[in-house]
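Ready for a few hands-on exercises with a protein model? Open your viewer, try each task yourself, and then walk through the solution beneath.

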Amino acid sequence: MTTVREALRRPIGHFAERSLAGLVAVTGAGAAFGLLLMLVRFRWGPLQDADRAIAQWCNDLVAPHDPLVTVLQAVTDLGGRPILIWLVTIAVVGLLIRRQPRLAVYLIVTGAGGLILDPSLKTLVGRLRPVVDVPVASAPGNSFPSGHALGSFVAYGALLLVFLPALAPRWRRPAIGLAATLVLLIGLTRIALGVHFVSDVLAGWLLGAAWLGVTAYAFRLWRRERGRPAPPLTEGLEPEAGRDIAPAPAEEQVLAHPRSAVAELLVGWVLVFGALYGFGMYVSYHAKGTFLATLDTEVPLWFAQRHTPALTELSWWWSKFGDTHAILLVSMVFCPLVLAVWRRWRPVLFVALAMFGELSLFLASAHAVDRPRPPVENLDGPMPTSSFPSGHIAATICLYTAIAVLVMARTDRWWRWLSVVLAVVMPLGVATSRMYRGMHHPTDFLGAILLGALWIGLLYWVIRPNADVREGNRPSIEATDVSRLDDELARAARAD
């Protein structure tokens with residue numbers, strides 16, 4: 001009887017100790033934020049002087065160096081709302097697909113709290129942003145607290161707590177260090193760019209720590225109410241969900257022969273580039289008097305003579321579907337969903353290589369061929385790359401063809417044909433818009449088709465993105481049950 005009581009008392013005591021330490025930390029962060037809020041609200045002189053002096057010192061250091069400003073802006077964007085909302089949204093959708101609603105709710109509540117706290121406190125305090133001699137960046141709204149510092153602390157911290165169990169134990173501390181470094185760098189960039197005072201960033205970190213601690217503590221109490229032990233935060237919020245939320249729990253290796261695959265892709269890339277270079281040089285400089293030359297002359301003129309405000313507006317939108325931002329957005333939504341649904345890295349590798357190869361082939365061939373734009377009005381103005389091949393069209397072909405290749409092989413539902421429709425309609429729409437806007441010849445479109453067909457064909461032959469379909473694309477129920485049993489036994493051993 002004594003042994004049973006002792007076995008029950010130990011985990012309860014561990015929970016109480018961890019809870020007390022956590023409450024002290026959360027309370028301390030909240031109290032420090034409250035003190036800083038009062039000092040800023042009542043405009044305490046020494047703090048204001050220090051904030052202004054540091055802001056001007058950073059401006060003097062950063063403003064003369066444009067490349068440094070570019071790097072700082074790239075880092076600071078990782079703490080902006082678009083990136084953070086995308087990360088949390090994709091994570092929530094993935095958790096729901098993996099049937100982890102508790103963790104999804106935690107992310108939603110934690111993220112929503114961060115979104116509410118930032119503008120509310122900015123309005124309450126009403127502090128203006130720093131004024132420096134040479135502004136290098138701008139931001140809307142008030143200054144206190146830093147929304148980037150608060151949002152990055154909350155979002156990256158919550159994602160870390162949710163997905164730590166999916167990492168091997170040896171990678172958990174490096175992951176924590178990486179997240180902490182990223183949050184630190186984002187906060188420092190806000191100071192360096194002159195859009196926040198030091199006290200704004202410190203307040204964002206403190207408030208983020210307090211809010212993240214409150215939500216994590218609430219989740220631990222939620223577990224206790226359902227009879228589950230409360231693990232240390234270094235193991236994540238839900239250790240038993242580790243296998244379920246792992247990206248590819250049943251995939252031992254992505255490619256059977258990675259070295260030979262790399263060699264084949266490198267050789268294939270060179271051959272595809274050679275084909276593009278040969279075709280591009282021919283249609284650009286050696287096809288005079290042929291049907292292709294007539295096509296390249298007449299089609300741009302035909303489109304230029306039919307410009308209307310409505311069609312010009314429509315062509316602008318269609319053209320945007322093929323630009324870098326749209327292609328990247330679709331890829332960044334599709335790839336995480338692939339991991340969530342099919343639990344395999346190989347399809348993600350297929351899409352990633354499709355886009356990387358397309359970009360590198362386009363840039364190399366455009367530089368080598370150096371074809372002028374059509375001799376009509378170029379509605380998009382001067383472009384940094386030449387006309388052959390069309391990067392917009394090639395990227396659209398590669399992305400939507402790769403998606404169709406994956407979807408058609410992995411489901412028999414009627415909606416799989418939508419991927420085929422997109423693989424045809426999207427490139428045709430982008431191609432029409434680019435030629436209407438005077439940015440490409442018809443043979444630039446043919447060059448994009450050549451690039452997409454050869455590169456996707458090569459990737460399909462080397463990567464074999466649907467090879468796992470024959471073996472089943474989900475881990476077995478028995479394996480999952482055994483993993484969960486092992487987790488339960490391990491937790492019981494730690495408790496004893």
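Helices (H or I, at least four residues) and strands (E, at least two) are DSSP runs, numbered from the N terminus. This is a predicted model, in which local features need pLDDT of at least 70 and side-chain atom pairs count only at pLDDT 80 or more, while totals for chains, interfaces and linings use all residues. Residues are numbered from 1 along each chain as its sequence is written, and side-chain values use heavy atoms, with hydrogens and water left out.

**Exercise 1. Cis peptide bonds**

Find the cis peptide bonds that lead into Pro 145 and Pro 389, and place each proline in the fold.

Solution.
- Step 1: Go to Phe 144 and check the bond to Pro 145, which is cis with omega near -5°.
- Step 2: Pro 145 sits in the loop between helix 5 (101-125) and helix 6.
- Step 3: Move on to Phe 388 and Pro 389, joined by a cis peptide bond with omega of about -15°.
- Step 4: This second proline, Pro 389, belongs to the loop between helix 14 and helix 15.
- Background: most residues other than glycine have a negative phi, and most peptide bonds are trans.

**Exercise 2. Positive phi angles**

Look up phi for Asp 370 and Arg 464; is each residue buried, partly exposed or exposed?

Solution.
- Step 1: Asp 370 is not a glycine, yet its phi is positive, near 55°.
- Step 2: Its place is the loop between helix 14 and helix 15.
- Step 3: For exposure, use these cut-offs: buried means under 20% relative accessible area, exposed over 50%, and partly exposed in between (1.4 Å probe, protein chains only).
- Step 4: Asp 370 has a relative accessible area of 51%, so it is exposed.
- Step 5: Arg 464 also has a positive phi, near 50°, and is found in the loop between helix 17 and helix 18 (477-495).
- Step 6: Because its relative accessible area is 44%, Arg 464 is partly exposed.

**Exercise 3. The salt bridges of Arg 371**

Which acidic side chains form salt bridges with Arg 371?

Solution.
- Step 1: Apply the rule: a salt bridge is a side-chain nitrogen of Lys or Arg within 4 Å of a carboxyl oxygen of Asp or Glu. By this rule the count comes to eight salt bridges.
- Step 2: One partner of Arg 371 is Asp 296, with the closest N and O atoms 2.7 Å apart.
- Step 3: That pair links distant parts of the chain, 75 residues apart: Asp 296 is in helix 11 (residues 291-304), and Arg 371 is in the loop between helix 14 (346-369) and helix 15 (391-410).
- Step 4: Both Asp 296 and Arg 371 are buried.
- Step 5: Asp 444 also meets Arg 371 in a salt bridge, at 2.8 Å from N to O.
- Step 6: Here the partners are 73 residues apart, with Asp 444 in helix 17 (residues 442-463).
- Step 7: Asp 444 has 0% relative accessibility, so it counts as buried; Arg 371 is buried because its relative accessible area is 6%.

**Exercise 4. A link between two loops**

Where in the chain do Asp 380 and Arg 437 lie?

Solution.
- Step 1: Asp 380 forms a salt bridge with Arg 437, the closest N and O atoms being 2.8 Å apart.
- Step 2: Asp 380 lies in the loop between helix 14 and helix 15 and Arg 437 in the loop between helix 16 and helix 17, so the pair ties together parts that are 57 residues apart in sequence.
- Step 3: Asp 380 is partly exposed because its relative accessible area is 27%, whereas Arg 437, at 5% relative accessibility, counts as buried.
- Step 4: For another set to display, pick Arg 81, Asp 118 and Lys 122, which salt bridges with shared partners join into one network.

**Exercise 5. Met 38 and its exposure**

Is Met 38 buried, partly exposed or exposed?

Solution.
- Step 1: Locate Met 38 in helix 1 (residues 2-41).
- Step 2: Its relative accessibility is 43%, so Met 38 counts as partly exposed.
- Step 3: Now add Val 125, which is 87 residues from Met 38 along the chain; the two C-alpha atoms are separated by 9.3 Å.
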